[in-house]
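Work through the exercises below with the sequence and the coordinates open side by side, and try each task before reading its solution.

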Amino acid sequence: MNDSRQNNDFRNIVYSLWFNWTLSTGAVALPILLSLWIPMPWIPILSLVLMLAMISYTRGAYANKTTMSYTLTAIVVRTLLISAVIMEGILIAYNHGIVAQFFDSEELNSELPFLPVLIFCPVMLCVGIVYRMLGKRTSTFQKCDALFGSYVERGFIGNIVKEESRYQISTVIAMNAVATVLAVIYYFVFYINVNINSADAFFLCWFPFIGYLLVTVFMGTRYVSLWGYYAQDVEGSNTRMGEKTWLRYLVMCDDSIYLARNEEFFDIPGMDKIDTPASLFVPFREKAPRSYASEVFAHLSALGEDKFVLRFMYLSQEAEGLSNIVHYIVTVKEQEIIDKSSLHGKWYTISQLQRLIYNRDIAPILASEIHRLYTVAMAWKTYDRDGKRLYKIKNYRPLFRFSGIGDWDVDFNDPHWLQVARFNEDKPFFRLRRWIRRVTGGEY
């Protein structure tokens with residue numbers, strides 16, 4: 001029963017990846033083809049309409065928590081917006097005679113002020129390159145982390161989606177690079193700015209659209225193959241572990257955290273590193289009440305429940321929906337309490353932990369937990385929920401400490417604080433970007 005559900009979930013996600021690719025890249029390819037029949041002044045308007053449609057589509061996907069590549073849709077939205085601005089600017093320049101001041105009027109054609117392929121493709125190429133260079137620093141990636149958890153926490157399917165997102169960006173860069181080079185060569189070698197003849201129509205309109213169709217078919221066969229590979233119980237598909245809940249406890253005392261070299265998951269890539277020694281799998285539970293989690297930790301550590309204070313941190317769900325991870329913080333008054341428990345490890349200060357993170361010597365899941373802990377704590381200490389500074393000192397950063405973490409009046413499970421951390425009053429053009437976010441529903 002679990003296998004059937006997992007297969008269906010993965011099939012739906014693979015289909016959503018292909019559908020998202022088809023819809024997103026099609027939104028750019030379509031106006032290039034339609035420019036054969038639509039007057040040029042209408043192309044910027046069509047571009048903006050398609051942009052709003054993509055924003056609405058992405059907003060619905062976010063609301064439904066659909067696992068797909070949101071980065072591609074963000075690239076397309078920005079491509080459509082920038083292209084529309086460029087095309088409208090060219091039209092205004094034509095109408096006000098600005099272009100005629102720089103070019104021979106006999107070489108100008110007001111009915112063909114621009115060729116869409118020479119705007120959409122270079123713009124999408126540049127936007128794709130920027131997103132590839134920024135990687136995890138893009139607002140889209142950070143928002144997905146805030147809403148759905150890091151790729152480590154999203155399990156096998158989460159990793160697949162992350163890798164496919166990178167592959168789709170690389171494919172977008174490659175196909176637009178080819179389209180741009182070929183269009184530029186044709187424009188300077190063969191194109192005459194009088195009208196669009198049959199050869200012009202093929203190379204400047206039909207050829208890019210046919211290329212989009214061919215790549216879309218290729219992506220479809222790729223995802224069919226990916227689905228077939230997964231369905232054979234491939235090695236590394238950890239969804240075969242069945243429904244489970246992973247309880248994880250970060251043990252702290254003052255400004256130190258208790259960690260150990262992981263000896264349990266050496267067969268899982270990236271897990272043979274330093275991690276919390278207090279974690280275990282239990283049968284799947286949608287929620288793990290504090291009393292239950294406290295009882296489990298007491299049994300795990302052989303300590304009385306009066307020896308420690310437990311605090312819920314956050315819940316992360318694997319993309320396939322069959323498993324989840326519940327993260328807790330455990331604080332003790334004295335380090336000797338843990339030293340005398342059944343847990344085996346050693347205490348690390350914050351500076352030592354920073355060195356471990358820098359050297360990438362901690363388990364990815366622990367790195368994700370520390371990142372969330374630090375990000376939420378610093379956002380809560382620095383800004384209010386609207387992103388405005390609590391202190392009238394620009395770029396002021398309070399000191400980060402573990403001490404007193406059990407008493408902090410902040411919800412680590414609230415993704416809003418992760419968004420405040422990346423969008424606040426210390427960011428450039430805060431008020432303008434806040435207005436744009438309100439207009440676009442907070443997506444861009």
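The exercises that follow concern one helix and several salt bridges in a predicted model.

**Exercise 1.** Describe helix H8, its span and its surroundings.

*Solution.* Begin with the limits of the element: H8 covers residues 290–301, which makes twelve residues. Next, take the distance from the first C-alpha to the last, which is 16 Å and close to the 16 Å expected at 1.5 Å a residue. Then turn to burial, for which the cut-off is under 20% relative accessible area; the residues of H8 that meet it are Ala293, Ser294, Val296, Phe297, Ala298 and Ser301. What covers these buried residues includes four strands, namely S1 (244–253), S4 (279–282), S5 (309–317) and S6 (323–331). Finally, look just past the end of the helix, where Ala302 takes a positive phi of about 60°.

**Exercise 2.** Is the pair formed by Asp275 and Arg248 buried or exposed, and which strands hold its two residues?

*Solution.* First establish the contact: the side chains of Asp275 and Arg248 meet in a salt bridge, with 2.7 Å from N to O. Locating the partners comes second, and because Asp275 lies in strand S3 (residues 274–275) while Arg248 belongs to strand S1, the pair ties together parts that are 27 residues apart in sequence. As for accessibility, both Asp275 and Arg248 are buried.

**Exercise 3.** Locate the salt bridge between Asp255 and Arg401, and classify each partner by its accessibility.

*Solution.* The N to O distance for Asp255 and Arg401 is 2.9 Å. This pair links distant parts of the chain, since Asp255 sits in the loop between S1 and strand S2 (256–261) and Arg401 in the loop between helix H11 (364–382) and helix H12 (416–422), 146 residues apart. Asp255 has a relative accessible area of 21% and is therefore partly exposed, and Arg401, at 40%, also counts as partly exposed.

**Exercise 4.** Carry out the analysis for Asp414 and Arg385, and then place the pair among the salt bridges of the structure.

*Solution.* The closest N and O atoms of Asp414 and Arg385 are 2.9 Å apart. Both residues lie in the loop between H11 and H12, with their positions 29 residues apart in sequence. Asp414, at 17% relative accessibility, counts as buried, whereas Arg385, at 40%, counts as partly exposed. For the wider picture, the structure holds eleven salt bridges, and Arg389, Arg397, Glu425 and Asp426 are linked in a network of such bridges.

How values were computed
Residues numbered from 1 in each chain as written. Predicted model: local features only at pLDDT ≥ 70, side-chain atom pairs only at ≥ 80, totals over all residues. Heavy atoms only, no water. Expected span 1.5 Å × (residues − 1). Buried < 20%, exposed > 50% of the residue type's maximum accessible area, 1.4 Å probe, protein only. Contact = heavy atoms within 4.5 Å. Salt bridge = Lys/Arg side-chain N within 4 Å of Asp/Glu carboxyl O.
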